[in-house]
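Work through these exercises with the structure open beside you. Try each task before you read its solution.

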Amino acid sequence: MCGIFGCILKNGNAAPIIHAALKRLEYRGYDSVGEATLYNGRLYIKKDQGKIDEAHKIHNLDDLPGNLGVGHTRWATHGAPLEVNAHPHVDCSKQIAVVHNGIIENFAELKLELENRGHVFISKTDTEVIAHLIEENLKTNPSLGLAEAVLEAVGRLDGSYAIAVISTKEPDKIICARNESPLVIGVNENAIYFASDIPAFLPLTNRAVMIEDGELVILSRKGFEIRKIADSGAVSREPKLIDWTSEMAVKKGYPHFMLKEIHEQPACLRNTLRLQEHYLELMATFPDRAREVFLVACGTSYHACLAASYMFSKLAFLATYPVIGSEFVEQHGKSVNIDSTILAVSQSGETADTLAAVNCARQRAATVLGLTNAIGSTLTRVSRVYLGQQSGPEIGVAATKTFTSQLSVLVQLALRLAKKRGKVSQDEMDFLAEKLEKLPDTVETIIRGQEEKVKQIAKKYKDAKTFFFLGRGVSTATAYEGRLKLMEIAYVPAIAFPAGESKHGPISLVEHGFPVVFICPKDETRKTLMSNIMEMKARGASIIAVIEEGDEEIKKLADDYVEVPKGIPEVLSPIPFVVPLQLLAYYMAVERGHNPDTPRNLAKSVTVK
Ligand code: F6R
């Protein structure tokens with residue numbers, strides 16, 4: 001999730017305006033920064049790795065000439081967070097500059113094709129192909145205008161993008177295009193702006209035009225012109241007045257980052273479906289040939305590992321051992337060896353306990369794999385192979401969108417392993433792949449349809465002293481995660497365990513009105529789970545069930561229920577089933593008067609042991 005911004009001013013220098021706007025977008029990523037302007041027929045660029053203030057100290061980002069330019073603040077997805085990978089990216093002749101937010105899925109094929117035509121690439125990014133594609137279009141058809149060349153180029157891109165292109169060929173224009181990454185235009189009497197998000201230009205104008213997927217925009221001193229990418233047809237759209245404060249704008253109008261991030265999950269899940277095939281394939285080779293596989297993480301990331309252990313077992317018939325980071329050295333430090341593979345999962349890539357486990361494993365010559373949301377983090381540097389989970393920065397302290405993204409990547413890895421090991425029929429693989437593709441929409445449906453209901457449940461139980469969260473099979477991980485969310489942000493002591501354990505002790509806590517949350521996908525565990533629900537009900541518990549739509553049997557037993565769409569395969573179920581639990585924790589925190597974004601005593605990245 002990068003931030004892009006640019007402007008065409010009637011008077012004055014664009015660079016300081018771009019710099020200030022990028023600062024306002026820094027919450028979208030801060031791995032590197034760059035600006036490009038056009039002046040007197042020449043392209044000027046300044047860029048570097050690191051945060052905006054650090055790069056500005058070294059390069060003075062305000063010191064670029066010209067009243068037209070583009071800028072970028074980066075959240076690395078392809079290529080390490082180094083100067084060479086910082087945007088803007090240019091073509092071979094250095095006449096075209098491109099900034100981009102999104103992921104180009106087919107960049108490797110396009111790169112190869114362009115290299116065969118003589119293009120020379122400098123960076124490891126997916127973005128650079130766009131500059132070269134436009135250059136190639138203009139070379140093969142010199143009569144094309146810049147907008148037409150961009151139109152042709154984006155027609156070849158698979159994936160998500162919000163891009164802005166400038167060129168010495170038409171130095172009075174900026175061409176932008178959008179598919180599944182945000183893009184908005186701002187206008188006032190003195191300037192026209194584009195940005196990833198409204199906060200970037202809100203201090204300059206409150207008149208905004210939302211650009212939609214499949215649209216291209218030509219910005220010039222005269223104003224803006226929107227066209228459909230598919231047929232170049234003109235689109236007419238008037239600016240809207242935005243009445244948000246800057247703080248509201250950063251949260252996109254949501255009262256808290258946590259709620260915004262819960263709502264971002266469909267988009268994040270779409271991004272996770274754009275993993276580079278060859279990295280997934282490479283990653284899958286190691287667990288396939290290891291003697292033992294550990295899945296190591298802390299907190300929410302550990303719950304993703306726990307769910308993954310069921311996925312690996314059920315799909316790839318591979319036993320894996322989920323281990324809490326802080327326990328790894330004690331439990332396995334002496335036995336881990338050259339035949340072991342450790343898959344470390346860490347959103348931040350900096351969690352001290354997870355890294356300590358990784359260090360121990362590396363010292364004993366085990367293979368370390370990483371899954372993280374922070375490319376360039378310590379975990380990426382110490383991993384033999386790593387995957388980026390593509391969630392974008394998460395600001396709320398409680399992990400939400402990063403959890404479902406981790407699950408999506410892990411299930412794709414499990415499917416890849418299943419294929420390698422020949423354990424699942426092609427029909428089943430196709431069926432699961434199709435269901436996985438639909439998950440972003442499923443999650444969207446849950447948020448849209450169930451949020452109000454969850455809010456009412458939170459109101460009803462806001463004074464509860466404690467909760468149980470119970471599930472069976474892979475839903476045990478979902479239950480653990482629901483419990484952690486509620487505890488950490490609403491400060492409600494809660495207990496989670498596999499539902500089958502109830503009668504071995506915990507059930508003694510249950511008395512009239514004791515809230516018990518059951519995670520109830522329609523899988524093989526359902527029959528026994530029903531018995532567990534009845535056991536609890538018989539002792540007066542209040543049953544809150546997360547069920548499949550239309551599950552009448554459980555509806556009859558439950559005091560309250562939330563529904564998720566039908567037909568979700570068991571191995572995918574933690575992704576949709578956790579969403580109502582995230583919402584429950586959020587609304588419980590709000591009802592109890594706590595700020596869910598900043599729970600006491602907690603930090604986003606835990607860098608101490
Ligand atoms: C809970 C939460 C924490 C983290 C844990 C690991 O909402 O955010 O439990 O999951 O501190 O962090 P990472 O994934 O950065 O290693």
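The exercises below use a predicted model.

**Exercise 1. A helix and its span**

Task: Work out what span the 18 residues of α19 should have, and compare it with the distance between the end C-alpha atoms.

Solution:
- Step 1. The expected span of a helix is 1.5 Å times one less than its number of residues.
- Step 2. For the 18 residues of α19, this gives 26 Å.
- Step 3. The end C-alpha atoms of α19 are 26 Å apart, which agrees.
- Step 4. Now look at burial. In α19, 16 of the 18 residues are buried, so the helix is largely enclosed by the rest of the structure.
- Step 5. Look just past the helix. Glycine 593 follows α19 and has a positive phi of about 80 degrees.

**Exercise 2. A second helix**

Task: Repeat the span check for the 20 residues of helix α14.

Solution:
- Step 1. Helix α14 covers residues 401-420.
- Step 2. Its 20 residues should span 28 Å at 1.5 Å a residue.
- Step 3. The end C-alpha atoms of α14 are 29 Å apart, and this agrees with the expected value.
- Step 4. Of the 20 residues in α14, 18 are buried, so the helix is mostly covered.
- Step 5. Just after α14 comes glycine 422, with a positive phi of about 60 degrees.

**Exercise 3. A serine in a loop**

Task: Decide whether serine 391 is buried or exposed. Then find which side chains make polar contacts with the side chain of serine 391.

Solution:
- Step 1. Locate the residue. Serine 391 sits in the loop between β20 (385-388) and α14.
- Step 2. Apply the cut-off. Buried means under 20% relative accessible area.
- Step 3. Serine 391 has 4% relative accessibility, so it counts as buried.
- Step 4. The side chain of glutamine 389 makes a polar contact of 2.9 Å with that of serine 391.
- Step 5. The side chain of serine 405 makes another polar contact with the serine 391 side chain, at 3.1 Å.
- Step 6. Leave aside neighbours within four places in sequence. Serine 391 then touches Cys268, Asn373, Lys401, Thr402 and Ser405.

**Exercise 4. The ligand and its shell**

Task: Describe which residues come nearest to the ligand, and how much of the ligand the protein covers.

Solution:
- Step 1. There are 15 residues around the ligand. Ser301, Ser346, Ser348, Thr351 and Glu488 come nearest.
- Step 2. Sort the shell by class. It has six nonpolar, seven polar and two charged residues.
- Step 3. Check the polar atoms. A polar side-chain atom of threonine 351 is 2.4 Å from an oxygen atom of the ligand.
- Step 4. Backbone atoms take part in such pairs too. A polar backbone atom of glutamine 347 lies 2.7 Å from a ligand oxygen atom. For a polar backbone atom of valine 397, the distance to an oxygen atom of the ligand is 3.5 Å.
- Step 5. On its own, the ligand has 400 Å² of accessible area, and the protein covers 90% of this.
- Step 6. Two elements give two or more residues to the shell: α10 (299-316) and α16 (475-490).

**Exercise 5. Two buried loop residues**

Task: Find where valine 571 and phenylalanine 514 lie, and which residues each of them touches.

Solution:
- Step 1. Valine 571 lies in the loop between β25 (560-564) and α19.
- Step 2. Its relative accessibility is 7%, so valine 571 counts as buried.
- Step 3. Beyond four places in sequence, valine 571 touches Met311, Lys314, Leu315, Val411 and Leu432.
- Step 4. Compare sequence with space. Valine 571 and serine 475 are 96 residues apart in sequence, and their C-alpha atoms are 9.2 Å apart.
- Step 5. Phenylalanine 514 belongs to the loop between β22 (494-498) and β23 (515-520).
- Step 6. Phenylalanine 514 has a relative accessible area of 8%, so this residue is buried.
- Step 7. Beyond four places in sequence, the residues that phenylalanine 514 touches include Thr466, Phe467, Phe468 and Leu509.
- Step 8. Phenylalanine 514 and lysine 604 are 90 residues apart along the chain, with 32 Å between their C-alpha atoms.

**Exercise 6. Backbone geometry**

Task: Find which peptide bond is cis at proline 88, and what phi asparagine 60 has.

Solution:
- Step 1. The peptide bond from histidine 87 to proline 88 is cis, with omega near 0 degrees.
- Step 2. Asparagine 60 is not a glycine, yet its phi is positive, about 50 degrees.
- Step 3. At 35% relative accessibility, asparagine 60 counts as partly exposed.

How values were computed: Residues numbered from 1 in each chain as written. Predicted model: local features only at pLDDT ≥ 70, side-chain atom pairs only at ≥ 80, totals over all residues. Heavy atoms only, no water. Helix = DSSP H or I, 4+ residues; strand = E, 2+ residues; numbered from the N terminus. Buried < 20%, exposed > 50% of the residue type's maximum accessible area, 1.4 Å probe, protein only. Contact = heavy atoms within 4.5 Å. Near = heavy atom within 4 Å. Polar contact = N/O pair within 3.5 Å; in protein donor to acceptor, adjacent residues only side chain to side chain. Areas by Shrake-Rupley, 256 points an atom, 1.4 Å probe, with all protein chains shown as cover. Nonpolar A, V, L, I, M, F, W, Y, C, P; charged D, E, K, R; others polar.
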